[in-house]
Amino acid sequence: SGDLDTIIQSDTLILNSRSLLLAVAKDLNLQNNRVFLGKPKSPVLHNSLDDPRVQAAVVGILGANLDVEAVPRSQMITVSYQSPSPALSADIANAMVHEFVKKSFTMQYSTAAQASKWLTGELDDLRAQVQSEQDQMVDLSKELGVNALDPTHNSLIVGELSALDKTVADSTEQWGRAGARYQTLQSLRPD
């Protein structure tokens, strides 16, 4: 429950974050939406979110009218927005959720990509280490006159071991048959 509470609290903070509010403002072009700005009768606006004053005003309006709350005893968060236009309120609330999901996915993908890159590096390092150690073993085996570790003789050694293994299996089978015959002959006592 504690971990879940922490996750919900974190998600609530992310939903109220300036970066998320700014992304929604850009997506919906809110800096030029007269209803959003409370100026329904103004002429066409050409505001830019690159202007720090416009950015501060738009983010301020969004933050002031946005309500993000955890639903008690659940894993849900409600996102609502209050404006004179129900359609605009719905658009903003939906855009907030969409941006949150997109940001969460991007963060998870980025984390997975970083982990994959790190693991790939670790695997490459391990491969290099194993190759170096195998080279050292081959050099040592040559120095000691042992060909078992020489990669050029491995297939011959494996073949010889397989042949020996087959010989042992055949001998065991023959021994088993001979033992069975002996038992049979023992049971046939001459009268």
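Which residues in α2 meet which residues in α5? I would like to begin there, and I should say at once that what we have in front of us is a predicted model. On the α2 side the contact is made by Ser19, Leu20, Leu21, Ala23, Val24, Asp27 and Leu28, and these meet Asp91, Ile92, Ala95, Met96, Glu99, Phe100 and Lys103 in α5. Sorted by class, the contact of α2 with α5 holds nine nonpolar residues, one polar residue and four charged residues.

Let me turn to the geometry of that pair. Two packed helices are described by the angle between their axes and by the distance between those axes. For α2 and α5 the axes come within 9 Å and cross at roughly 120°, and the two helices are therefore oblique to each other. The crossing in which α2 passes α5 is right-handed.

Staying with α2 for a moment, the buried residues in this helix are Leu20, Leu21, Leu22, Val24 and Ala25. α5 is one of the elements they pack against, and the others are α1, which spans 2–15, together with α4 and β1.

α1 also packs against α5, at an angle of about 120° and with the axes 10 Å apart. Here too the crossing is right-handed, as α1 passes α5, and the contact is made by Asp11, Ile14 and Leu15 of α1 with Met96, Phe100 and Lys103 of α5. By class, the residues of the contact between α1 and α5 divide into four nonpolar, no polar and two charged.

Now to the interior. The largest nonpolar core has 25 residues, and those with the most contacts inside it are Leu30, Phe36, Val58, Leu62, Ile92 and Met96. At least two residues of this core come from each of α2 (18–28), α3 (34–37), α4 (52–65), β1 (66–70), β2 (77–81) and α5 (86–144), and the largest share, six residues, is supplied by α5.

If you would like one residue to follow through the model, I would choose Ile92, which belongs to the residues of α5 that meet α2 and is also named among those with the most contacts inside the core. Leaving aside residues up to four places away in sequence, Ile92 touches Val24, Leu28, Leu30, Phe36, Leu62 and Tyr81.

Finally, let me go through three positions in the loops. Just after α2 comes Asn29, which is found in the loop between α2 and α3 and has a positive phi of about 50° although it is not a glycine. Is Asn29 buried, partly exposed or exposed? With a relative accessible area of 36%, Asn29 is partly exposed, because that value falls between the cut-offs of 20% and 50%.

Arg73, which sits in the loop between β1 and β2, likewise is not a glycine and yet has a positive phi, in this case of about 55°. The relative accessibility of Arg73 is 85%, so this residue counts as exposed.

The third position is His46, in the loop between α3 and α4, where a relative accessible area of 73% makes the residue exposed. Between the C-alpha atoms of His46 and Asn33, which are 13 residues apart along the chain, the separation is 9.7 Å.

To return to the opening question, then, the picture I would leave you with is that of α5, which meets α2 through residues including Ile92 and Met96, meets α1 through residues including Met96 and Phe100, and gives the largest share of the core.

Technical notes: Residues numbered from 1 in each chain as written. Predicted model: local features only at pLDDT ≥ 70, side-chain atom pairs only at ≥ 80, totals over all residues. Heavy atoms only, no water. Core = buried A, V, L, I, M, F, W, Y, C linked by side-chain atoms within 4.5 Å. Buried < 20%, exposed > 50% of the residue type's maximum accessible area, 1.4 Å probe, protein only. Helix = DSSP H or I, 4+ residues; strand = E, 2+ residues; numbered from the N terminus. Contact = heavy atoms within 4.5 Å. Axes fitted to C-alpha atoms, helices over the stretch in contact; angles between N-to-C directions. Parallel < 35°, antiparallel > 145°, perpendicular 65-115°, else oblique. Left-handed = near helix turned anticlockwise from the far one by under 90°. Nonpolar A, V, L, I, M, F, W, Y, C, P; charged D, E, K, R; others polar.
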